[in-house]
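Good morning, and thank you for making time on the agenda. I should like to take you through one structure, beginning with a single residue and moving on to the ligand and the backbone.

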Amino acid sequence: MCTLEKRGSLFVITLTSEDDEQHRLNPTLLSSLLNALSQLNSQVTAGTALVTVAHGKFFSNGFDFRWAQAASDQDGARHRLRHMSDSLRPVVAALLSLPIPTIAAVSGHAAAAGAILAMAHDYVLMRGDRGVIYMPEVDLGITLPDYFSAVARAKISSATAARDVLLRGVKIRAKEGMEIGIVHSAHDGAESTVEAAMRLGAELASRKRIGDAYAEIRKSLYPEVCAVLGLTTKSIVSKI
Ligand SMILES: CCCCCCCCCCCCC/C=C/C(=O)SCCNC(=O)CCNC(=O)[C@H](O)C(C)(C)COP(=O)(O)OP(=O)(O)OC[C@H]1O[C@@H](n2cnc3c(N)ncnc32)[C@H](O)[C@@H]1OP(=O)(O)O
């Protein structure tokens, strides 16, 4: 599950888990995330921002393998994995379409689909003492959905860094994440990461930017991701 709350000028989505702190992206959490983003979008006004947080050792450890493996056979497990992948796709599309700034406070590990969820935000703030951003698929022998690769290519600053993340499965800590462009800033400890995310969110919200234009400019930054997600773009001139 996740929760959505308004704290002053900020919408805060908190990833939660029923049984452990991995915040695995299973159908329940994915559906809850999509509902939260839809609800947020209906309430959004200029002067707000989204901060996504998770508590404990993980931001999110990716899709829920236990749920997939609970299927009756391998084929069923694969179908469940595809179901989770198909369910994360609209969440990423919704994040890229939000008419407000979005920030992920990565105060724990963000792996696989969890890393893609974090990178789908405009800003990733990450704790520097614990936690890695890690794409294990190459180690698992699982190919990436098209939108995973598109998000990674859009957000990682160089081809060699993208190769290291996706083909070498390197575990990226906050400092390295800043060097390759996926982390905005590094912070000491979970609490200061979340506090910094809230401060940045409030600062960005205070600019009261025109939401539709903000969303369209964000989409113009990532044409390949938008194409893969089927997101269209339009021109806006709010006022001249
Ligand atoms: C119809 C059928 C068609 C076919 C099927 C189609 C399918 C289509 C869809 C396919 C989808 C593909 C994409 C898949 C996406 C997924 O999400 S799959 C799920 C993937 N998830 C995983 O595999 C989980 C990955 N996670 C991990 O491997 C680990 O949890 C972790 C993230 C690596 C963390 O490991 P852990 O051991 O728990 O870490 P820690 O103990 O916290 O740390 C390890 C050591 O590292 C030190 N450390 C950590 N962070 C830091 C830091 N920032 N700075 C310094 N040191 C750090 C930490 O101290 C530990 O060190 P020691 O204490 O010395 O051990």
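**A residue, a ligand and some backbone angles**

Let me begin with Ser-85, which has its place in helix H3, the run of residues 74-97. Please keep in mind that this is a predicted model. Is Ser-85 buried or exposed? Its relative accessibility is 10%, and because buried means under 20%, Ser-85 counts as buried. Leaving aside residues up to four places away in sequence, Ser-85 touches Phe-63, Pro-145 and Tyr-147.

Phe-63 brings us to the ligand, since the closest residues to the ligand are Lys-57, Phe-63, His-109, Arg-130 and Gly-131. In total, 31 residues surround the ligand.

Which polar atoms of the protein lie beside the ligand? I shall name three pairs. A backbone N or O atom of Ala-113 lies 3.1 Å from an oxygen atom of the ligand. For Asp-129, again a backbone N or O atom is involved, and it lies 3.4 Å from a nitrogen atom of the ligand. With Arg-173 the contribution is from the side chain: one of its polar atoms lies 3.4 Å from a nitrogen atom of the ligand.

How much of the ligand does the protein bury? Taken alone, the ligand exposes 1,400 Å², and the protein buries 68% of that. The space that the ligand takes is the largest pocket. Three elements give two or more residues to the shell around the ligand: H3, strand E6 (109-111) and helix H5 (137-140). Which of them gives the largest share? The answer is H3, with five residues. This is the helix in which we found Ser-85.

H5 also takes part in packing elsewhere, and for that we turn to helix H7, residues 159-167. The buried residues of H7 are Ala-161, Ala-162, Asp-164, Val-165 and Leu-166. They pack against H5 and against helix H6, residues 146-155. Just after H7, Gly-169 takes a positive phi of about 60°.

That leads to the backbone angles. Most residues other than glycine have a negative phi. Two residues here deserve mention in that light. His-23 is not a glycine, yet it has a positive phi of about 45°. His-23 is found in the loop between strand E2 (10-15) and helix H1 (27-43). It is buried, with a relative accessible area of 4%. Ala-112, likewise not a glycine, has a positive phi of about 55°. Ala-112 lies in the loop between E6 and helix H4 (113-119). With a relative accessible area of 10%, Ala-112 is buried. Both neighbouring elements have already been touched upon: E6 gives residues to the shell around the ligand, and Ala-113 has a backbone atom 3.1 Å from a ligand oxygen atom.

Let me close with Leu-29, which is found in helix H1. Which residues does Leu-29 touch? Not counting residues up to four places away in sequence, its contacts are Met-1, Cys-2, Leu-15, Thr-16, His-23 and Arg-24. His-23, with its positive phi, is therefore one of the contacts of Leu-29, as contact means heavy atoms within 4.5 Å. Leu-29 is buried, with a relative accessible area of 1%. Finally, Leu-29 and Gly-76 are 47 residues apart in sequence, and their C-alpha atoms are 20 Å apart in space.

Definitions and conventions: Residues numbered from 1 in each chain as written. Predicted model: local features only at pLDDT ≥ 70, side-chain atom pairs only at ≥ 80, totals over all residues. Heavy atoms only, no water. Helix = DSSP H or I, 4+ residues; strand = E, 2+ residues; numbered from the N terminus. Buried < 20%, exposed > 50% of the residue type's maximum accessible area, 1.4 Å probe, protein only. Near = heavy atom within 4 Å. Polar contact = N/O pair within 3.5 Å; in protein donor to acceptor, adjacent residues only side chain to side chain. Areas by Shrake-Rupley, 256 points an atom, 1.4 Å probe, with all protein chains shown as cover. 1 Å grid on protein atoms, 1.4 Å probe; cavity = no way out; pocket = protein on both sides within 12 Å on 5 of 7 lines; lining within 4 Å. Sits in = over half its atoms within 2 Å of the grid points.
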